[in-house]
Amino acid sequence: MVLDRRRLPSLGRGLLLAGLVIYLLLPIAAVLLYAFSTRWTSHLLPDGYTASHWLQALADPRLVAVMLRTLGLALLVTLLDILLIVPAIYWQWIYNPRIRPHLELTAAIPFVLPYVVIAFGILSLSGQFLPAVQGTVGLLALSHGVVAFPFFYWAVDNAMAAADVALLNEVAKTCGASPWRSLVQVILPNISVGIATGSMLVFAVSFNEFALVQILVGARYETVSLYSLDLLTGTNADFNKLAVITMFTFVVVFTLSALSVYLNRGQGQTRRLMIGSRSKA
Amino acid sequence: MGSVSLRHITKHYGSVCALDQLCLDIPAGELVVLLGSSGCGKTTLLRSVAGLERPDQGQVLIDGQDVTALATRHRPIGMVFQSYALFPHMTVRQNIAFPLRARQRPAHRRASRVEELLELVHLGPQADRFPNQLSGGQQQRASLARALAASPQVLLLDEPLSALDALVRQQLREEIRRIQKTLQITTLFVTHDQAEAMAIADRVAVMRQGRIEQIATPLELYETPSTRFSASFVGNRNALELPLQDGRIRFGQVLDMAVPGLASRRAIVFFRPEDVEFSQNGVGHPAKIESKIFQGAHTRLHLVAEAEGLMGRFYADLPSRQAHSLEPGNTVKVSIHPSRARVFPADG
Ligand SMILES: Nc1ncnc2c1ncn2[C@@H]1O[C@H](COP(=O)(O)OP(=O)(O)OP(=O)(O)O)[C@@H](O)[C@H]1O
Ligand SMILES: [Mg+2]
């Protein structure tokens, strides 16, 4: 949304901004209050406050297991994307710019197709060629890797463009560096912010994802999003605990997003995580 | 130090012919400037020597060794890029040390070599700064030190000064020349600034459309360009196109010279503005001053003369003290000594 400064008086702008903030914060505030409330009946605010939902949630072995599973999956997916995609984009920049349109197209697919469609596509494909992997966490991780690919691709691709990795690689070659040394000592330090940003986005996508988990593995690998659904609809529905989980997820994802925005402040410049920490004359 | 030989190098990009059967021999320790207009293949030539570009045909020899198939990192070269291209995450010191680390020199030798190079390019005080904390000139000096770090046999510079302002440019080109002479390193220097080429080259290679048009010392090139292209490219020259009659070219009393052996009906005559002679005693041809531009030590006059039914426009430089009394609209008498003119067929 682009607002033209000149045409919008400052009062109007202030109101609009305030409205937006309220619109975004109200639901979160409500969930937060709910997670701390004893009962919330007909009043504007809860009837009473307690921390017991949080203590109970933390003591619930099922919830802890769910958290660990979700975390493990998200980490696995992130690692997978880093190992598969960074080399692919690097290859595109250094050796074969002609694969770029294919990568871009691939990066568009998860936006165009609903996750449910992707999930059934993966189901029928794996059923045809590799029935053994159906229902495994491996297949789920791969699928998450695929749907999170665009976020990672754009973050890392931008970083490589900003750092001019093709030039850096040529310079490294004229300095006598092997391809490996060039990658590790020259390229990676200059695109580390892009990789970090992409990783956080991938992590957040996997952490939050519901459709693929539900369809590909279901209750065999219960994640936070599946457990949330169970708390909402199951026979043992517990809205306060759900509020606790929702808050928790929100904090995780929000922190990651905020971090990636922070790392990418000052756009258009190459930014690095560890300035010059790795080499000494 | 190593000589460089290029033998019949050809390089195409699709249908574009960037290098066309190009041959070039550079003896060890010489500085050759590649001079030519944009797109004539200078960068492609330099990159072929570096191994960043693989020629379609031909051979690259360094110090007598055929390196055509050798990977860049195994070639004994150092390269300076137009955009400095320092590693932004390393300090000056670390940048200079990088080629030594890449070639696995022992740590103690590395440290002393880096100090030596910092001294050579006068960057001692800035050694621990990052590239974005340096001026353009300092960055380019760091980049030069990095290129020299591993003591390569050949130094390649692709328009190293073109991103710098005039004063820094001039200082740095003198510094590059000083360092090149101290180290006696074979050097290929690309530029399209002819003043720069003249100032630092042992020899200048004028390039045109993927070939070397002429290679000569700056003085030779300036005084006796061997082709029409070199003549028009080097030195601010006047060019007049004149008819050829009975083996002579005449333009009133401005110029009258015999040109034996020129098989053409028209000729192009090149002459430099400082070679236009102003006569006090009435010999010479009348020319009208159209404008006068003060340029410091010299003043440039734009002149127009008429003879043989032709109008000729050209310009002349004369010491400013002698130009005091001359004003636009005045008529002066001018001539050009035949030995100062270079003549080429007009249709060649
Ligand atoms: N990677 C490439 N792909 C396609 N064509 C190229 C490529 N590199 C160079 N060319 C073409 O080859 C020719 C020579 O290019 P080159 O860069 O060597 O010229 P140059 O003399 O260095 O020019 P400039 O003074 O502008 O730097 C040009 O016509 C250019 O368009
Ligand atoms: Mg060039």
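## Walking through a two-chain model

Put chain B and chain A together and about 2,400 Å² of area gets buried between them, with carbon and sulfur atoms giving 62% of it. Within chain B's share, Arg73(B), His89(B) and Arg101(B) supply 28% of the area buried against chain A, more than any other three residues. Keep in mind that this is a predicted model, and that the accessible area lost when parts come together is a common way to give the size of an interface.

Counted by residues, the interface has 26 from chain B in contact with 23 from chain A. What about charges? The rule finds one salt bridge across the interface of chain B and chain A. To find it, look for Arg47(B) and Glu170(A), whose closest N and O atoms sit 2.7 Å apart. Polar contacts between chain B and chain A come to six residue pairs, with both residues at pLDDT 80 or more. On the chain B side, the elements that give two or more residues to the surface touching chain A are strand E6 (77-80) and helix H2 (92-102). H2(B) gives the most, with seven residues.

Now turn to chain A by itself. Here you'll find eleven helices and zero strands, and the C-alpha trace spans about 75 × 60 × 40 Å along its principal axes. Of the 281 residues in chain A, 41% are buried. If you take the contacts in chain A with a separation of 6 or more, 69% of them are between residues 24 or more positions apart.

The domain assignment splits chain A into domain 1 (1-50) and domain 2 (61-280). Their centres, taken over C-alpha atoms, are 31 Å apart. How do the two domains meet? Six residues of domain 1 of chain A are in contact with seven residues of domain 2 of chain A, and the two bury about 600 Å² between them, 77% of it on carbon and sulfur atoms. On the domain 1 side, Ile28(A), Val31(A) and Tyr34(A) lose the most area to domain 2 of chain A, together making up 66% of what that side buries. Between these two domains the salt bridge count is zero, and one residue pair is in polar contact, both residues being at pLDDT 80 or more.

Tyr34(A) also turns up among the neighbours of His53(A), a residue found in helix H2 (residues 52-59) of chain A. Is His53(A) buried or exposed? It counts as buried because its relative accessibility is 12%, and the cut-off for buried is under 20%. Leaving aside residues up to four places away in sequence, His53(A) touches Tyr34(A), Ala35(A), Ser37(A), Asn240(A) and Val244(A). With one of these, Asn240(A), the side chain of His53(A) makes a polar contact of 3.4 Å.

Finally, hop back to chain B for a bit of strand geometry. Strands E12(B) and E13(B) form a hairpin with three residues between them, and Gly252(B) in the turn has a positive phi of about 50°. The pair runs antiparallel, with four bridges joining E12 (residues 248-251) of chain B to E13(B). One place to check this is Arg248(B), whose bridge partner in E13(B) is Ala258(B). In a regular strand, side chains alternate between the two faces of the sheet. Strand E13 (residues 255-258) of chain B has Leu255(B) and Met257(B) on a covered face, while Asp256(B) and Ala258(B) lie on an uncovered one.

Methods:
Residues are numbered from 1 along each chain as its sequence is written. Chains are lettered from A and ligands numbered from 1 in the order in which they are written. This is a predicted model: local features need pLDDT of at least 70, side-chain atom pairs count only at pLDDT 80 or more; totals for chains, interfaces and linings use all residues. Side-chain values use heavy atoms; hydrogens and water are left out. Buried means under 20% relative accessible area, exposed over 50%, partly exposed in between (1.4 Å probe, protein chains only). Two strands pair if DSSP finds at least two bridges between them. Domain bounds come from an automatic or database domain assignment. Contact means heavy atoms within 4.5 Å. Buried area is the accessible area (1.4 Å probe) that two parts lose on being put together, summed over both. A salt bridge is a side-chain nitrogen of Lys or Arg within 4 Å of a carboxyl oxygen of Asp or Glu. A polar contact is a pair of N or O atoms within 3.5 Å; within protein, one must be able to donate a hydrogen and the other to accept it, and residues adjacent in sequence count only if both atoms are side-chain atoms.
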